[in-house]
Amino acid sequence: MIEFTIWDILRNLLLATRWTIVLSLVSFVGGGVVGLGLLFLRISKRKWSRSLAKYYIELFQGTPLLMQLFIAFFGLGLFGIDVPAWLAAGLALILWSAAFLGEIWRGCVEAIAKGQWEASASLGMGRLQQMRYVILPQAMKIAVPPTVGFSVQVIKGTALTSIIGFVELSKAGTVVTNATFQPFTVYGLVALIYFALCWPLSKSSQILERKLNVAHRNH
Amino acid sequence: MNYQFEFGWLAEYYPQIVKGIGITIELIAVGAVAGISLGIFCAWVRALGPAWLKPIVALYVELIRNTPFLIQLFFIFFGLPSLGLKLSELQAANLATVVNLGAYSCEIIRAGIQATPNGQFEAGASLAMTRFETFRHVVLVPSLQRIWPALSSQVVIVMLGSAVVSQIAAEDLTFAANFIQSRTFRAFEAYIVSTAVYLALAVLLRQVLAMVGRLIFPRRAAR
Amino acid sequence: MSLIEITEVRKSYGENEVLKGINLDVEPGEVIAIIGKSGSGKSTLLRCINGLETISKGSISVAGAQLLDDEVHLKALRLKVGMIFQQFNLFPHLTVGGNVMLSQMVVKKTAKPEAEKMAHRMLERVGLEQKFDAYPDELSGGQQQRVAIARALAMQPMALLCDEITSALDPELVAEVLAAVRELAAEGMTLLMVTHEMKFARDVCSRVVFMHQGRVHEIGRPEEVFANPQTPELRQFLGVH
């Protein structure tokens, strides 16, 4: 049996971490784009579009991400496409992130005082103009901390894609464990790498939140 | 798409699904009760507890909140035996759920404690209560009431996250779905059915938690 | 034809009818004070004129622009009539100048240099030209409200609606805002104001409207209305017996 040093293990895990990072970025950015669309549907004046976004969000927040991955993986297969794991993983994570981001951002838009809508309306602005020039610039400011906070959920969410066979950090952990028979060390290291990715984001989200609260109190 | 949906397998395999639902409910019931209790203890430590315990609890909370549940589960199930702690699949799943929810609920409950007006502590002190007695009898229940909605959401999130315990062969609802798809090759239908069941469980769980909230907090406390 | 024509306007929230058939015509250059208890419907009436509330029955038009519930008509209406709010509602992310310029550029598509020139002129009019680059949270309440007036004026409306614009102000800041409004009135601006400042209403307004339970209960010149109230409700409101 070959002996693995801790550096061999770590090197293999770090190589796989690249894919965790890439998938996280793709999911977060893609989820952001779709989430923005959801946000506009959710706060639209039309009832059907509000309901549509609401049910979308409830569906994706009310079912396990793992099931969404399975359905993307096997569901896409029904169209006769041979689905690579990365495609199913990316698609499911984008749709899942969108639901959460859309809901977070809706909260931020609704936190803007009603008077801002009324004042901009009384100046003759249309709905899109109100959003673009008055509401979103203010909402974006308060959206930063929870959005950064959610990026941590995305990174952790990518771990589930190992289950449908996408090779990222968690999958590498399993593979390396099977080769080394050192689960304690390997999963310990995997956890530490995730921690190194997530903790700075969690912390900066908290710091941003505190800054924002202080700024608000001074108003 | 010429796919023919086929749900005939339900007749044969529904006992597996029912059993899986039972395990999923057991997981979240134990997880919620023990996890929230652990969370209350940790929140007390972080807000008011002894100084030497604070960094330990902080480390626990930060570690859990910044690593995936799947890895926590693998670490407990595959890693701990090398320390001599061997757990069954279900025990490991239960422990992971409790540990996970404990860390999240700690932060949520702590926020509730911190929102307590200082006058409540002063009033307790003026009535000759110790800090712990004030916490236990004056601060705790209104704090929990303040954050009950957030805590409820977290319990639902943990329930949905528990789907991954199937990966250590704990026989929950997802395990049942995997089992059925491997037998019937009806993967899509099996996952659609189990997803629908999860959705129903989530809706139900939210209502149960709201009911529990009304039982524990019968009257609206001052905010 | 009057500038503002309010005809048989009714408005309900569910079962609760808050406006029960309002008729009011306002001529160009008139300054009208709307007074009454809270819940009498006076703020609702004002908000309807600007299309911030929909009406259940009747019609409102300002200089020929009808109140209809679609964006094109609402925009046309709001270009003719500006509004100033109790809570100022300045845009906190923009400077004072940015506040006054934004809707000129976005709604009227005015070029930036012109918008800027207009903003300077309007801020000068309310005595705040030196605050062009300040942010709203650096101003006192009275200054913020004067910026709000400048912001509305920059759209060159034919009439202004003032919804209790001094009610959120500390007492010592009320005078500066009222002075700005008095000047507008003197320049011939048409004004409809919901107000609790009875002295101001008596001195500046051409007509006073007393609203009670969703109706125009009394209306007339201020010297008549204040000196010789006809109904017990108005007498009680004014505290004369």
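## How the chains meet

Two residues count as in contact when their C-beta atoms, placed from the backbone, lie within 7 Å. In this predicted model, no contact joins chain B and chain C, and the closest C-alpha atoms of these two chains are 26 Å apart. Of the 2 pairs of chains that do touch, A and B share the most contacts.

Let's look at that pair from the chain B side. Here 32 residues of chain B are in contact with 30 residues of chain A. Helix 2 (54-65), helix 3 (69-79), helix 6 (131-161) and helix 8 (187-216) of chain B each contribute at least two residues to the side that touches chain A. Which helix of chain B gives the most to this side? That is helix 8, with 10 residues. By residue class, the side of chain B that touches chain A comprises 21 nonpolar, 9 polar and 2 charged residues.

## Chain B on its own

Chain B is built from 8 helices and 0 strands, so to speak a run of α-α-α-α-α-α-α-α when read along the sequence. Its C-alpha trace spans about 75 × 45 × 30 Å along the principal axes.

Chain B has 223 residues, and 44% of them count as buried. Take the contacts in chain B between residues at least 6 apart in sequence: 77% of these join residues at least 24 apart.

## A bent helix in chain A

Helix 6 of chain A (residues 127-158) is worth a look along its axis. A straight helix of 32 residues would span 46 Å at 1.5 Å a residue, yet the end C-alpha atoms of helix 6 are only 37 Å apart. Where does helix 6 of chain A bend? There is a bend of about 50° at A:Ile135, and a proline, A:Pro137, follows within four residues.

## Two loop residues with positive phi

Next come two residues, one in chain A and one in chain C. A:Phe181 is not a glycine, yet its phi is positive, near 55°. This residue sits in the loop between helix 7 (169-180) and helix 8 (183-217) of chain A. Is A:Phe181 buried or exposed? A:Phe181 counts as exposed, because it has 12 C-beta neighbours inside 10 Å, and a residue with 12 or fewer is classed that way.

C:Asn89, also not a glycine, has a positive phi of about 55°. The loop that holds C:Asn89 runs between strand 6 (81-84) and helix 3 (96-107) of chain C. With 25 C-beta neighbours inside 10 Å, C:Asn89 counts as buried.

Conventions
Residues are numbered from 1 along each chain as its sequence is written. Chains are lettered from A and ligands numbered from 1 in the order in which they are written. This is a predicted model: local features need pLDDT of at least 70, side-chain atom pairs count only at pLDDT 80 or more; totals for chains, interfaces and linings use all residues. Ala, Val, Leu, Ile, Met, Phe, Trp, Tyr, Cys and Pro count as nonpolar, Asp, Glu, Lys and Arg as charged, and the others, Gly among them, as polar. A residue is buried if 20 or more other C-beta atoms lie within 10 Å of its own, exposed if 12 or fewer, and partly exposed in between; C-beta atoms are placed from the backbone. The expected span of a helix is 1.5 Å times one less than its number of residues. The bend at a residue is the angle between axes fitted to the seven residues ending there and the seven starting there.
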